[in-house]
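Subject: Structure handover

Hi,

Here is the structure I said I would pass on. Please open it next to this message.

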2 protein chains.
Amino acid sequence: MKFSLQRADTLPLYQQLVEQIREYIRSGSLPVGSRLPTVRQLASDYGLTRLTVHTAYAELQAQGLIESVVGRGTFVCTDLPIPTGLHKGARVTRVQPPPEWLSQGVLADMMRLGEQSEIISFAQVTPALETYPTAEFQRAMRAVLEMPCALGYGPTQGELALREQIVRLLLDRGIATRPDNVLMTAGAQQGIDLVLRACVTPDDVILVEESTYVGLLELAAQRRQRIISIPTDQDGIQLAALEEACQRYRPRLLYLIPTFNNPTGRSLAQERRHAVLRIAKEYNLLIVEDDIYGLLSYDRPAPLPLKASDSEGRVIYLFSFSKVLMPALRLCAVVAAPEQIQLLAGAKRSSDLLCSPILQYALANYLKRHQLQAHIQQVRPLYRERREAMLEALADYLPECDWSVPAGGLCVWVNLPEHIDERQLYLSAIQRGVGIAPGSAFYVLPDMPPAMRLSFSSNPLARIRQGITLLSQIVQEQSRGGVSQRRSIG
Amino acid sequence: MKFSLQRADTLPLYQQLVEQIREYIRSGSLPVGSRLPTVRQLASDYGLTRLTVHTAYAELQAQGLIESVVGRGTFVCTDLPIPTGLHKGARVTRVQPPPEWLSQGVLADMMRLGEQSEIISFAQVTPALETYPTAEFQRAMRAVLEMPCALGYGPTQGELALREQIVRLLLDRGIATRPDNVLMTAGAQQGIDLVLRACVTPDDVILVEESTYVGLLELAAQRRQRIISIPTDQDGIQLAALEEACQRYRPRLLYLIPTFNNPTGRSLAQERRHAVLRIAKEYNLLIVEDDIYGLLSYDRPAPLPLKASDSEGRVIYLFSFSKVLMPALRLCAVVAAPEQIQLLAGAKRSSDLLCSPILQYALANYLKRHQLQAHIQQVRPLYRERREAMLEALADYLPECDWSVPAGGLCVWVNLPEHIDERQLYLSAIQRGVGIAPGSAFYVLPDMPPAMRLSFSSNPLARIRQGITLLSQIVQEQSRGGVSQRRSIG
């Protein structure tokens, strides 16, 4: 940071200093959280009086750009009141609580919608009930309940019998690991929570895709986590923007759903995967790779996860059984380097001691007797068919929208016409008996274009068509009403 | 806060101010976290120059007693370097990580000891394997695995069918509540974690008994939670000390195991229970009442929980099935006022979305068909007998110690002779094949007298006797060796 100060200028010296520091902050050259020189040092470097520098710092402080911490120094504020350049409107945000119209949070709403059988819910991403391997799981459970050791406490890291099975099946995703590197958590949600607890302070910046998992955003809002979203396109996260954010914000962690992303259904292109790993290495970034949809490919084999190429132990990989088997198992495998596993296990112990050995042994037994891949082969045609039905219904009934064509996973992302009021659509849809997930739930940034996420997995074909028809009616009504409404405001 | 400043004194004015403020802080009249007057105000009130006050504050800051926060003012530090008066050595502590000789934390060690069948473990508090109602639970589970709805997601608050059963059985503890006021969590550990997440910031002070649950202390250490312990006696927490701490530290929450306390086995006297509620009301304190041992009474009915008299909704009550049924259920009921339940459910959703519906329905079915009280009646004689065996063995083999005589619960607290090195005892015991929980694991304060917690629940009578005999040998060896060692140091 260099200053060009003109004593002859009409602007006082302190004001020149203010303007130039402000510009350094705005441009990102002075990233949020970075330390400024001391008053004494800056005064001495530029032959200024300490009063001049002090006055400049006081002015910047009054503008909310810098803050002093006694005994530590002066820093660029974490909540900057001015926009910086990375992304139209991008800035480090403390995630806000979700809008009040989603009363208890979006995740809660989606979960409630999923519980009401009279509603055609496209809101929650859940596997189809009819795919649950009920009989096989019953047999797997029977043996467990005869083992008293499965009914007591067990290791926090998870039962070895299960971790061994997981190591075996992860070979299908190109990951070669050992049971020591696996920690069992209560779903991917707990995996994410533990990573934030163990590896990230709320003052660390974390990066996410432009639209990302609601559960992460709610958690971040509760923690008042510093977070920034990176623009994405058809091929996933944009590398230049990622690198720029790394330079500017010194983030600690990147959370990514690179394969059949929730909510978009898109995947990170193969060539970008290696680049993301390279950037992570260069900027000493941890990556959380949420791969809970990776096995659910319909058209061609899914891309290999980043973890498969993670030679450095930077990737904390999440593999949950909720979407590929049954959500009620509440079991997810976190795969990471041993020192990370140890930290995460400490956080797990403080969270809830351990996952139920009953469920862990039952799942281990199931995986011992049945190939998970065989189960996936069975469910794939069903989901493929439902995806087709939804895409066709969208083409037939909502031609004014555009949408993603997911090669896997369980949901479609629909961009709505600009004039659609997302909130009104969401509420009207519930009244007509259709549940959707509003697009705004998935964004860090406010005021994004209206959109919705539709999950095609849990409804039969006729209901999918019926649900989209109802949505189409609402969109058309809003298009008519919305135009007149806008006129009346104008 | 009044100062008596003598201009004629040999001590400079600023120094007089320093001494007097220091004394206000030491005596607790200026509690930690409280704000001091501004320099301007204090100067004007006492006709001092601002420089005098400024110098005094700078001196106090250098002593680590006060700290300035730009834009907010000057405050008494939260980590005071001087002892205050409440409790010999009592001070607000950011709990320190456990001593390194307990490698990954005490809880981890205890859990590991419990897993090794060749060790006679008194370390972990766990019900006896032979008490698990295996056949009944198998029947309860069978119906569940035929219901696809039990295999998917469910409400974050917990399945209604289970919450209804819990409401019914809590009548046995004198608690009349409704399913709306119940939240299901993954064991009491998660209940505690959620309360801290949802209701307490790390800067709030929480109060605990002098010795308390290890899992809370580990969690507090991870959060760097401000915590203070209240002296206890045979009848539980001391009221005068509790009230003094409330005045001095403005705590947010009191965590209490009032019935068959872990680790002491003692209970809060009946007359103190109402006083604790009165104090909580007066100082606007939340109480977390951990009642996971309340049903396990052996001599007379257990005292009623505080929650039974909680007319104001100040008590967040924890009732877990881990100790009274099977730990692997990982199910605990949190009972609280509806607005608290809503906050806690938000934290639960961000932690792991929900408890497994499989286990919830299975437990609900079990409770529908079997009275939990009937199960308790069956296990009571076994635990009573094991408690007797342990107390007798202690009397026979460790007469140099004294110990608690618990009327319920699963553990005995043993005070060791002063010269015993707890660490050495712990390590030697493992070498001889006996697991104990070292007393220091349960204290907030360092340098407490040596002690150990012994759980009598999971070993048959002969092994209890054998284990105590081995402990007695180590204590005797240490008594001989310890004396000579101390001589050699002296």
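Below are notes on the copies, the domains and one sheet.

Bear in mind that this is a predicted model.

Chains first. Chain A superposes on chain B with an RMSD of 0.4 Å, after a rotation of 180 degrees and 0.2 Å of shift along the axis. That is the relation of a two-fold axis. In chain A, the C-alpha nearest this axis belongs to A:V69, at 3.4 Å. As for the interface, 100% of the interface residues of chain A are also interface residues in chain B, so the two copies meet through the same surface.

Next, the domains. Chain A splits into domain 1 (13–82), domain 2 (106–128 + 374–489) and domain 3 (131–372). The C-alpha centres of domain 1 and domain 3 of chain A are 41 Å apart. Five residues from each of these two domains make the contact. Together, domain 1 and domain 3 of chain A bury about 460 Å², with 55% of it on carbon and sulfur atoms. Salt bridges between them number zero.

Last, a sheet in chain B. It is open, has four strands in the order 14-15-18-17, and pairs antiparallel. Strand 14 (402–403) and strand 17 (437–438) of chain B are at the edges with a single partner each, so one side of each has no neighbour in the sheet. Strand 15 (411–415) and strand 18 (451–455) of chain B are joined by five bridges. Within that pair, B:V414 sits opposite B:M452. Helix 13 (372–397) of chain B packs on the sheet and touches strands 14, 15 and 18. Its direction makes about 15 degrees with that of strand 15 of chain B.

Best wishes

Key: Residues are numbered from 1 along each chain as its sequence is written. Chains are lettered from A and ligands numbered from 1 in the order in which they are written. This is a predicted model: local features need pLDDT of at least 70, side-chain atom pairs count only at pLDDT 80 or more; totals for chains, interfaces and linings use all residues. Side-chain values use heavy atoms; hydrogens and water are left out. Two strands pair if DSSP finds at least two bridges between them. Helices (H or I, at least four residues) and strands (E, at least two) are DSSP runs, numbered from the N terminus. Contact means heavy atoms within 4.5 Å. Axes are lines fitted to C-alpha atoms, for helices over the stretch in contact, and angles run from 0 to 180 degrees between N-to-C directions. Copies are superposed by least squares on the C-alpha atoms of residues with pLDDT of at least 70 in both. Domain bounds come from an automatic or database domain assignment. Buried area is the accessible area (1.4 Å probe) that two parts lose on being put together, summed over both. A salt bridge is a side-chain nitrogen of Lys or Arg within 4 Å of a carboxyl oxygen of Asp or Glu.
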